[in-house]
Amino acid sequence: MDAILEIEGLTKTYDSGFTALHGVDLSINKGEIFALLGPNGAGKTTLIGAVCGLVRPSGGTIRAFGEDMGRHWRRLRAKVGLVPQELATDMFETVIHSVNYSRGLFGLAPDPARIEEILRALSLWDKRNDQIRALSGGMKRRVLIAKALAHEPELLFLDEPTAGVDVELRRDMWAQIAQLRDRGTTIILTTHYIEEAEEMADRVGIIQDGRIRMVEETRSLMKRLGRTEAHIALATPLTAVPDVLDGLNVSLTDDGSELVYRGGDGSGQGKAEVAQLTKRLAAAGIDYVSIDIRESSLEDIFVDLLEGAAA
């Protein structure tokens with residue numbers, strides 16, 4: 001698959017001496033949704049700023065669309081859109097004026113039909129003549145997306161695109177982001193909502209302390225590191241794990257009232273083993289009163305990976 005963005009050895013050290021990026025290497029495929037995950041201060045926003053020209057790197061190279069961005073920054077930047085984390089826009093402007101102005105900043109001729117298409121896609125057309133200050137927080141964030149799309153970028157950065165919006169609006173925006181990808185836009189997003197990455201991203205990258213810890217396809221990661229966990233509450237406490245459960249990864253709580261299974265690989269194997277476990281208990285005449293099964297989420301995997309890296 002063709003790479004639309006190639007970052008090699010990217011570093012950033014500020015005048016204070018703090019190093020935000022340590023030799024970052026990252027390649028983004030054309031047409032994908034890539035989620036960059038990491039705790040606060042990990043370097044996510046600095047990395048985005050370096051690509052978008054807001055942060056001057058201390059070292060390394062950035063190639064976008066097959067060209068060196070350092071040498072051809074002005075021309076290549078016109079192909080990149082950015083939705084910042086902060087709501088930085090003139091709140092007294094109308095929605096349509098703000099979006100038209102963003103298009104003009106990149107030297108593009110007015111295109112009322114294209115602007116209408118963007119605003120309608122983001123459910124902003126009916127609000128086009130409203131001042132931005134009168135909009136809800138979710139609508140203001142949609143305006144930022146509209147402004148970023150006004151010059152028709154091929155590569156779009158979304159820095160915490162759904163921060164501060166309710167769950168219903170968040171899912172609506174997920175659908176709109178997926179539509180952008182379907183139109184051929186490559187999307188890189190940072191998010192604190194790991195379910196967002198799990199729902200939408202083709203690949204996930206984890207950054208910590210200014211270093212890329214891993215990059216992997218989302219499905220592959222879930223299969224490789226996902227786990228099934230089952231808690232079986234027993235009718236009568238036991239003193240040891242029954243022999244009939246040999247071969248299964250089962251433990252007994254200290255008070256003997258509950259069997260705990262942990263296993264599988266995120267592909268359904270764990271659920272099959274839980275079913276086998278309950279059949280063995282029934283065959284051995286061991287009664288249980290309830291069973292609680294839980295699959296690992298991407299958040300569980302993310303936390304485990306960060307804790308493992310910090311250990």
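User: How much space is in the second largest pocket?
Analyst: The second largest pocket has a volume of about 350 Å³. A pocket is an open set of points on a 1 Å grid over the protein atoms alone, with protein on both sides within 12 Å along at least five of seven lines. The volume is the space filled by probe spheres set on the points, which are joined across faces, edges and corners.

User: Anything I should know before I trust these numbers?
Analyst: This is a predicted model, where local features need pLDDT of at least 70 and side-chain atom pairs count only at pLDDT 80 or more, while totals for chains, interfaces and linings use all residues. Residues are numbered from 1 along each chain as its sequence is written, and side-chain values use heavy atoms, with hydrogens and water left out.

User: Ok, back to that pocket. Which residues lie nearest its centre?
Analyst: A50, V55, P57, G70 and W73, out of 15 residues that line the second largest pocket. Lining residues have an atom within 4 Å of a point.

User: And which element gives the largest share of that lining?
Analyst: β4 does, with 4 residues. α1 and β4 each supply at least two residues to the second largest pocket. Those labels are DSSP runs numbered from the N terminus: helices are H or I with at least four residues, strands are E with at least two.

User: What's the volume of the largest pocket, then?
Analyst: About 640 Å³. The largest pocket has 27 lining residues, and nearest its centre are L54, R77, L82, L105 and F106. Two or more lining residues come from each of α1, α2 (73-77), β6 (80-83), α3 and α5. The largest share here belongs to α1, with 4 residues.

User: How many cavities are there?
Analyst: There are 2 of 30 Å³ or more. A cavity is a set of grid points where a 1.4 Å probe fits but cannot get out.

User: What lines the largest cavity?
Analyst: R114, I118, A121, L122, L149, Q176, Q179, L180 and R183. α4 (112-121) and α6 (167-182) are the elements that give two or more residues to that lining. The space inside the largest cavity is about 90 Å³.

User: And the other one, what lines that?
Analyst: The second largest cavity is lined by L5, I7, L26, L36, L47, I48, V51, F157 and I188, and its space is about 40 Å³. β1 (3-13) and α1 (44-52) each supply at least two of the lining residues, with α1 giving the largest share, 3 residues.

User: α4 came up just now. Which of its residues are buried?
Analyst: R114, I115, I118 and L119. Buried means under 20% relative accessible area, exposed over 50%, and partly exposed in between (1.4 Å probe, protein chains only).

User: Why do they line one face of the helix?
Analyst: Looking down the axis of α4, the buried residues fall within an arc of 130°, so they line one face. The arc is that of the directions from the helix axis to the C-beta atoms. An α-helix has 3.6 residues a turn, so residues three or four places apart point the same way.

User: What do the buried ones pack against?
Analyst: α3 (95-105) and α5 (137-149), where contact means heavy atoms within 4.5 Å. Turned away from the buried side of α4 are the exposed residues P112 and A113. Just after α4, S123 takes a positive phi of about 55°.

User: New topic: what's the strand order in the open sheet of 4 strands?
Analyst: β2-β1-β4-β5, with antiparallel pairing. Two strands pair if DSSP finds at least two bridges between them. The edge strands, β2 (19-29) and β5 (67-68), each pair on one side only.

User: How many bridges join β1 to β2?
Analyst: 7, and the two run antiparallel. One partner pair is E6 in β1 with S27 in β2. On β1's pairing with β4 (residues 59-64), there are 5 bridges, antiparallel too, and L5 stands opposite A64 in β4.

User: What's between β1 and β2?
Analyst: They form a hairpin with 5 residues between them, and G17 in the turn has a positive phi of about 100°. S16 also has its place in the loop between β1 and β2.

User: Is S16 buried or exposed?
Analyst: S16 counts as exposed because its relative accessibility is 66%. The C-alpha atoms of S16 and R219 are separated by 40 Å, with the two residues 203 apart along the chain.

User: Last one: how many helices and strands in the protein?
Analyst: 10 helices and 14 strands. Of the 311 residues, 44% are buried.
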